[in-house]
Each structure stands twice: as C-alpha cells, then as structure tokens.
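The exercises below are meant to be worked through with the sequence and the coordinates side by side. Each one sets a task and is followed by a solution in steps.

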Amino acid sequence: MCRSVATTTQTVKSLTAVRQCKFAIFIMRFLILIMAHRFLSFDNQKLFLAHLPFSVILVITAHYSNKGTTVTKPTLLAALDVDQWLAGLARIPAMEFSQENVQRYIHQHAIVADSLKPYTFFSARQYTRNLIFKNEVFECLTLCWNIGQSSSVHNHNDRLGWVYLSSGRLFVQNYVVESQDSVWRTCCVIPTDSTELHAGQAADVDREAGVHKVCNLPRFQERAISVHVYQRPMNQCEVYSLETGTYQTIDLCYTSEYGRLKPGVRLA
Ligand SMILES: [Fe+2]
C-alpha cells in the first residue's frame, strides 16, 4: 500500500496531537485505577494496594509499547542537492535500510529541485524512468510525468519503496490483490484507498500490499517530477489488468542513466 506522508509541518502537528491524546489516555488509566480503589471493601483494598505496583507497571508498559505504529520524528533538517542526499542515504547500512529508517531520512532531508535537472526528461509517449544512482542496497530514479500520464497498476516485486515528490502533484490509487493464479495468470484486484501527493511530500510503499497506480491527472495541469527509492534494484514487476483480470511480469527499463538518454530512446 502506498501511504501518504504529510508535509513536515502537517506531520509535526498531527504527531503532537497524537502525543497529547496518548498522554490523556495515560492519565485516564491512572484515574480509573484510583476510582476502582474507592469501590472496594477494606480487605479488597489491601489486596488492591498489594497489586497496585504491578498494575502501574502494566499500564506504563501498555502505554509505551509499540503497537505496530511507526513513530518517526519528521523534522526537516536540511535541503540537499540530490548527490548529497544520495550520499546520506547510502550511509545507511544495508541491514538498517528499513522502512522506518529510510522514511525518517526522507522526512528530514528535502531535495533541492534544481539539482534534479540532469535527471529530468519528459516524453510525449509515457512517463520516463531516469536512473540517478544504484548499488546493491538500493536504486534511485526520477520519474517525470507529463500532464495526463500514468503508470499501470503494478507491484514492487517484494521490495520496499519510497517516493518523494519534487514538483507537481500526483494521485496514487492503491489496490489489494484478493486472489492470484500463477498458472493461469489470472487475478482479482480491487481498488482500496487513494491519496494525493503534493510537492515536498513523501510516501512509502509496504512490501506486502504495494499494488498501486500513479497518475498525473489532467486536472492537475502541471508536470510532475518524483524521486523514487527502491530497496534493491528492481528489474521486473507485475502489472495487473483490471479489465481482463490478468497479470503479467514485465521488464523495467530506464529512459536515461546517470543523466544520459539510453541509446535509441526517443522522447517526442
Ligand atoms: Fe510504484
């Protein structure tokens, strides 16, 4: 699933609200404990007091336990040229190249839009994929979207993925694969939620449910440039057809590599 990540200021506000809400729940739990004490008989009160330290520990543990929620501190630290941005990303050790760590890095470091110019190619035919950097841990591309261009419904081939929108707007429709037959290549894919990305925003793609379609809708009326990071270089992915209920594996190719158009590529 592709999840929208709000802008830095929006996210800070929402995280502050979440912290305030959690603190209120924390206080309420203690109040409930104390009120329960008032309704107990004397013997039960002694029993209650004997167990109180354990109850307090349980409340604190429950409050601070991570219930699967990714908590990041999305404070924007710097806006970097893409080369510096990638150098910082490459300093994350392979074993620590996790959804949370990369998301935090992308939140904290914006990309100076001008530094993406060498990796910006628009085509009248379809959106373009432009390789900026690749090693064994991850690859990074710009995708350049003319008005009205969109991707197919696709997955990320069991890889984590992150997107940072440098300019323009993009609409992301998520899907869930309800069933898939690898012999007949048939599938049942249904749309779920959707989100809209604005310049400066980022999103991450879950490994398990990362089926989505990205569109630069005609109503946006402007080109878009997005920066994509894929955990491990991705040479193939699966593309789903909702019309025929089938899917196929396709090879992915680059429009340009390291700022140079691939031989034979025509943009017009
Ligand atoms: Fe994607």
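**Exercise 1.** In this predicted model, determine which elements cover the buried residues of helix α3, and how those residues are arranged around the helix axis.

*Solution.* Begin with the surroundings: the cover over the buried residues of α3 (residues 82-90) includes β2 (78-80), α4 (99-108), β3 (109-111), β4 (128-134) and β12 (224-231). Next, identify the residues that are covered, which are V82, W85 and L89. Finally, look down the axis of α3, where these buried residues fall within an arc of 60°, so that they line one face of the helix.

**Exercise 2.** Describe the largest nonpolar core, and trace the contacts that V229 makes beyond its sequence neighbours.

*Solution.* The largest nonpolar core comprises 33 residues, and W162, V163, Y164, L170 and V229 have the most contacts inside it. Strand β5 (residues 138-145) gives the most to this core, contributing 6 residues. Turning to V229, and setting aside its neighbours within four places in sequence, one finds contacts with L89, V102, F138, C140, G161 and W162; of these partners, L89 is also one of the buried residues of α3. Another core, of 7 residues, lies apart from the largest one and has Y175, C187, V211 and Y247 among its members.

**Exercise 3.** Follow the strand pairing from β6 through β13 to β14, and characterise the turn of the hairpin.

*Solution.* Start at β6 (153-154), which pairs with β13 (residues 236-241) in the antiparallel sense over 2 bridges; here V153 has Y240 as its bridge partner. Continue to β14 (residues 246-251), which runs antiparallel to β13 and is joined to it by 6 bridges, with Q236 of β13 bridged to D251. The strands β13 and β14 form a hairpin that has 4 residues between them, and G245 in the turn has a positive phi of about 70°.

**Exercise 4.** Decide whether R159 is buried, partly exposed or exposed, and locate this residue in the chain.

*Solution.* First place R159, which lies in the loop between β6 (153-154) and β7 (161-167). Then count its surroundings: R159 has 18 other C-beta atoms within 10 Å, whereas a buried residue would need 20 or more and an exposed one would have 12 or fewer, and R159 is therefore partly exposed. As a last step, consider Q231, which is 72 residues away along the chain although its C-alpha atom is separated from that of R159 by 5.6 Å.

Definitions and conventions: Residues numbered from 1 in each chain as written. Predicted model: local features only at pLDDT ≥ 70, side-chain atom pairs only at ≥ 80, totals over all residues. Pairing = 2+ DSSP bridges. Core = buried A, V, L, I, M, F, W, Y, C linked by C-beta atoms within 7 Å. Contact = placed C-beta atoms within 7 Å. Arc of directions from axis to C-beta.
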